[in-house]
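Hi everyone, thanks for making time this morning. I'd like to walk you through one structure, so please have the viewer open.

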Amino acid sequence: MSTSAQLFERLRQALPMLRAPWAGSGRQAGVLVALTDEENPRVLLGRRALHLPLHPGEIAFPGGKREVHDAGPWDTALREAFEEVACPPEAVCPLGELPPLLTRSGYTIHPCVAIIPASLTLRADPGEVAELILPRLDCFTNPAGWHVRYMNEPTSGQALPVPHFRLPHDTVWGTSARALLLLVNLGLQAELDVSAFKENLE
């Protein structure tokens with residue numbers, strides 16, 4: 001079995017595939033965590049446009065907030081991925097769902113993990129995405145790239161470690177970094193531990 005086949009099979013085994021409908025209220029969002037179908041899979045990320053009100057310029061997965069016509073997180077993630085990066089829903093092969101993640105801005109993010117063809121032509125919508133970034137997933141297994149910064153949790157005020165990963169020309173923060181950390185620990189058996197990351201005081 002190839003490396004990528006092992007990765008995809010581990011994720012299928014480890015991640016639930018609930019396809020649950022949206023429930024409850026509050027700020028909710030779905031994001032597509034797309035891995036390319038090739039020997040060394042890449043992960044689809046994009047830099048958010050600088051004019052956006054939330055997290056401008058940050059590196060993130062395609063996705064966005066729940067809309068009234070979205071049946072569930074997968075519908076939101078697929079709709080937004082098509083709008084933001086021209087990823088057609090029919091090209092997406094679902095693998096499973098990472099646990100929901102809470103952002104500092106109060107959104108509950110539902111990461112939907114899937115495979116996309118490596119040859120798929122993607123195109124960033126400049127109104128939402130400044131540029132596409134497709135690093136190899138295995139680069140996130142490098143412990144030297146991971147750091148933490150302690151930030152106060154918005155509701156409790158407790159200082160919590162916020163992991164982030166330094167790419168050659170940028171840094172992945174927030175829920176995107178947390179999702180990637182979960183992904184490489186599950187799929188690539190990276191065994192990364194947040195408590196071992198060096199603190200970033202910059």
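**A sheet, a helix and two cores**

Let's start with a single pair of residues: R166 has T171 of strand 11 opposite it. One thing to keep in mind as we go is that this is a predicted model.

That pair belongs to the link between strand 10, residues 159–166, and strand 11, which are antiparallel and joined by two bridges. Zoom out a little and you'll find an open sheet of four strands, in the order 11-10-9-12, with mixed pairing. Which strands are at the edges? They are strand 11 (171–172) and strand 12 (198–199), each of which pairs on one side only. Against this sheet packs helix 3, which touches strand 9, strand 10 and strand 11. The direction of helix 3 is at about 75° to that of strand 10.

Let's stay with helix 3 for a moment. For those of you who like a sanity check on geometry, helix 3 has 14 residues, so at 1.5 Å a residue it should span 20 Å. Its end C-alpha atoms are 20 Å apart, so the model agrees with that expectation. Which residues of helix 3 are buried? The buried ones are T175, S176, A177, A179, L180, L181, L183, V184 and G187. Just after the helix, Q189 has a positive phi of about 50°.

Now for the interior. The largest nonpolar core has 35 residues, and L137, F140, W146 and L180 are those with the most contacts inside it. At least two residues of this core come from each of helix 1 (3–14), strand 1 (28–37), strand 7 (108–117), strand 9 (146–152) and helix 3 (174–187). Which element gives the most? That is helix 3, with six residues. A second core of 15 residues lies apart from this one, and A34, V85, V92 and V129 are among its members.

If you'd like one residue to click on in the largest core, try L137. Beyond its neighbours within four places in sequence, L137 is in contact with L7, L35, P41, R42, V43, L180, L183, V184 and L188.

How do helix 1 and helix 3 meet? They pack at an angle of about 105°, and their axes are 8 Å apart. Angles from 65 to 115 degrees count as roughly perpendicular, and helix 1 and helix 3 are therefore roughly perpendicular to each other. On the helix 1 side the contact is made by L7, R10, L11 and A14, and on the helix 3 side by L183, L186 and G187.

Next, please look at strand 2. Strand 2 (residues 45–48) runs antiparallel to strand 8 (residues 129–133), with four bridges between them, and G46 is opposite L132 of strand 8. Strand 2 also pairs with strand 3 (residues 59–60), again in the antiparallel sense, over two bridges. There, R47 has I59 of strand 3 as its bridge partner.

My last stop is D37, which sits in strand 1. Is D37 buried or exposed? Its relative accessible area is 46%, so D37 is partly exposed. Leaving out neighbours within four places in sequence, D37 is in contact with F8, I115, I116, P117 and A118. D37 and L95 are 58 residues apart along the chain, and 12 Å separates their C-alpha atoms.

That's my tour, and I'm happy to take questions.

Definitions and conventions
Residues are numbered from 1 along each chain as its sequence is written. This is a predicted model: local features need pLDDT of at least 70, side-chain atom pairs count only at pLDDT 80 or more; totals for chains, interfaces and linings use all residues. Side-chain values use heavy atoms; hydrogens and water are left out. A nonpolar core is a set of buried Ala, Val, Leu, Ile, Met, Phe, Trp, Tyr and Cys residues joined through side-chain atoms within 4.5 Å. Buried means under 20% relative accessible area, exposed over 50%, partly exposed in between (1.4 Å probe, protein chains only). Contact means heavy atoms within 4.5 Å. Two strands pair if DSSP finds at least two bridges between them. Axes are lines fitted to C-alpha atoms, for helices over the stretch in contact, and angles run from 0 to 180 degrees between N-to-C directions. The expected span of a helix is 1.5 Å times one less than its number of residues. Angles under 35 degrees count as roughly parallel, over 145 as roughly antiparallel, 65 to 115 as roughly perpendicular and the rest as oblique.
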